[in-house]
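Subject: Structure for you to look at

Dear colleague,

I am passing on the structure we spoke about, and I would be glad if you could open it beside this message and follow along. Please take your time with each part before you go on to the next.

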Amino acid sequence: TWLGMTTTGRFAALTNFREPHRHHPSAPSRGRLVSDFLQGDADIATFRQRLDLEGGQYNGFNLLFGTADRLAVYSNRAELPPELPPGIHGISNHLPDTPWPKVVRGKEELARHIASGALLLPRDLFALLADRMQPEDSLLPDTGVGIELERRLAPVFIRGKEYGTRSSTVVLVGQDGVVTFSERTFPPPHGRPSTVTFQFALSP
């Protein structure tokens, strides 16, 4: 899987690192890293040691993993600080907080909502994830896929006949330890989106 959370508070999420010139079709599935962390009992430091040993066999990735109050980040394309500091962060298909337009815009919108003092609800984050604003060409990165594809991949919500956003997921952890896990799926090509939400209390 690409994202998950357990009732004990273990969390993991993965993005690929966009570098078409280094893609190996025979590499193992990066999604296995997410499920292995969720189903295991290794702490952050132990799992990081495993990533150091095994990370090179995978295509490029960023992995967030940890718990509701302590989150680590790992990339097999660069050495990163062992844990994310408190604050607002964004990860697309490059290193964490790389200022791609959709990362910058997403962080700004989230910060604006938090600063308003309004209660943060799933619908607010789904609206942020549905942003289809097209950045100017001068702001786009050059990842080796050509300008046409860079344009199609630039919005937060990607629309395309052959490639696009298939789902958006929101995970909120309250100070009371109650988790709201909500996922919205977008069936191709013109299906109606459906949303499934689970709520559970974190257990020791």
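Below is what was found, beginning with the aromatic rings and then turning to the sheet.

Please keep in mind throughout that this is a predicted model. The structure holds six aromatic pairs, and two of them are described here. In one, F37 and F47 meet edge-to-face, with 5.1 Å from centre to centre and 70 degrees between the planes. This pair links distant parts of the chain, since F37 belongs to helix α1 (residues 31-39) and F47 to helix α2 (residues 44-54), 10 residues apart. Both F37 and F47 are buried.

The other pair is made by F157 and F186, whose ring centres lie 4.9 Å apart and whose planes stand at 85 degrees, so this pair is edge-to-face; the step rests on the rule that planes over 60 degrees apart count as edge-to-face. Here too distant parts of the chain are linked, with F157 in the loop between α5 (147-153) and β5 (167-173), and F186 in the loop between β6 (178-185) and β7 (194-201), 29 residues apart. As for their surroundings, F157 and F186 are both buried.

If you return to F37, you will find that it forms one aromatic cluster together with F47 and F65. The ring of F37 also has a charged group over it, namely the charged end of R10, which sits 4.0 Å from the ring centre. A similar arrangement can be looked up at F126, where the charged end of R184 sits over the ring, 4.2 Å from its centre.

R184 also leads us to the sheet, where this residue stands opposite T195 in β7. The sheet is an open one of three strands in the order β5-β6-β7, and the pairing is antiparallel. Because β5 and β7 stand at the edges, each with a single partner strand, one side of each is left without a neighbour in the sheet. On average, neighbouring strands of this sheet are turned by 10 degrees against each other, if direction is ignored. Between β6 and β7, the antiparallel pairing runs over eight bridges.

Finally, which helix packs on the sheet? It is helix α4 (residues 122-129), which touches β5, β6 and β7, and whose direction makes about 145 degrees with that of β5.

With kind regards

Notes:
Residues are numbered from 1 along each chain as its sequence is written. This is a predicted model: local features need pLDDT of at least 70, side-chain atom pairs count only at pLDDT 80 or more; totals for chains, interfaces and linings use all residues. Side-chain values use heavy atoms; hydrogens and water are left out. Rings of Phe, Tyr and Trp (its six-membered ring) pair if their centres lie within 6.5 Å; planes under 30 degrees apart count as stacked, over 60 as edge-to-face and the rest as tilted. Helices (H or I, at least four residues) and strands (E, at least two) are DSSP runs, numbered from the N terminus. Buried means under 20% relative accessible area, exposed over 50%, partly exposed in between (1.4 Å probe, protein chains only). A charge sits over a ring if NZ of Lys or CZ of Arg is within 6 Å of the ring centre and within 35 degrees of the ring normal. Two strands pair if DSSP finds at least two bridges between them. Axes are lines fitted to C-alpha atoms, for helices over the stretch in contact, and angles run from 0 to 180 degrees between N-to-C directions. Contact means heavy atoms within 4.5 Å.
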